[in-house]
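Good morning. I will go through one structure helix by helix, and I will keep it short. Please have the picture in view.

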Amino acid sequence: MESSQIAATAADLSDPRAGLRAVATLRALADTLELRQVEAALRAGMTWQDIADALGVTRQAAHKKHARRVDPAIQIPRRNA
């Protein structure tokens, strides 16, 4: 099923079971896409603060959610001490 169809199913209130499954699928898709974008941002030299600002969360929240999940081959910029 295409993501636009999944979104339509998630918005359709006539079948809550299907809607909830669609919401869960969209959540997983969004999480995967967010991680890919975080990795792309790190590869581009963005800091955790830059990433957090773009996501609308704190630096700590962005780091906590993604730091252990990013590709270990990515050189992550460090904050100045």
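**Helix α2 and its neighbours**

Let me begin at a single residue: Gly45, just after α2, takes a positive phi of about 90°. Before I go on, note that this is a predicted model.

Now α2 itself, which covers residues 16-43. Does its length fit a helix? To put that properly: what should the 28 residues of α2 span at 1.5 Å a residue? The expected value is 40 Å, and the end C-alpha atoms are 40 Å apart, so the two agree.

Which residues of α2 are buried? They are Ala18, Gly19, Ala22, Leu35, Val38, Glu39, Ala41 and Leu42. Buried here means under 20% relative accessible area. The cover over these residues includes α1, α3 and α4. I will take α1 and then α3.

Helix α1 is residues 3-11. It packs against α2 at an angle of about 135°, and the two axes are 7 Å apart. That angle makes α1 oblique to α2. The crossing of α1 past α2 is left-handed. On the α1 side, the residues that meet α2 are Ser3, Ile6, Ala7, Thr9 and Ala10. On the α2 side they are Ala18, Gly19, Ala22, Val23, Thr25, Leu26 and Leu29. Sorted by class, this contact has 8 nonpolar and 4 polar residues, with no charged ones. Ala18, Gly19 and Ala22 are worth marking on your picture, since they belong to this contact and are also on the buried list.

Next is α3, residues 48-55. The axes of α2 and α3 come within 10 Å and cross at roughly 140°. The pair is therefore oblique. The crossing of α2 and α3 is right-handed. From α2, the contact uses Glu34, Val38, Ala41 and Leu42, and from α3 it uses Trp48, Ile51 and Leu55. By class, that gives 6 nonpolar residues, no polar ones and 1 charged. Val38, Ala41 and Leu42 make contact with α3 and are buried.

Last, a residue outside the helices I have discussed. Where is Asp71 found? Asp71 lies in the segment after α4. Its relative accessibility is 29%, so Asp71 counts as partly exposed. Leaving out residues up to four places away in sequence, Asp71 touches Glu39 and Arg43. Glu39 is one of the buried residues of α2. Asp71 and Leu35 are 36 residues apart along the chain, and their C-alpha atoms are separated by 9.7 Å.

That is the end of my part.

Technical notes: Residues are numbered from 1 along each chain as its sequence is written. This is a predicted model: local features need pLDDT of at least 70, side-chain atom pairs count only at pLDDT 80 or more; totals for chains, interfaces and linings use all residues. Side-chain values use heavy atoms; hydrogens and water are left out. Axes are lines fitted to C-alpha atoms, for helices over the stretch in contact, and angles run from 0 to 180 degrees between N-to-C directions. Helices (H or I, at least four residues) and strands (E, at least two) are DSSP runs, numbered from the N terminus. Angles under 35 degrees count as roughly parallel, over 145 as roughly antiparallel, 65 to 115 as roughly perpendicular and the rest as oblique. A crossing is left-handed if the near helix is turned anticlockwise from the far one by less than a right angle, and right-handed if clockwise. Contact means heavy atoms within 4.5 Å. Ala, Val, Leu, Ile, Met, Phe, Trp, Tyr, Cys and Pro count as nonpolar, Asp, Glu, Lys and Arg as charged, and the others, Gly among them, as polar. The expected span of a helix is 1.5 Å times one less than its number of residues. Buried means under 20% relative accessible area, exposed over 50%, partly exposed in between (1.4 Å probe, protein chains only).
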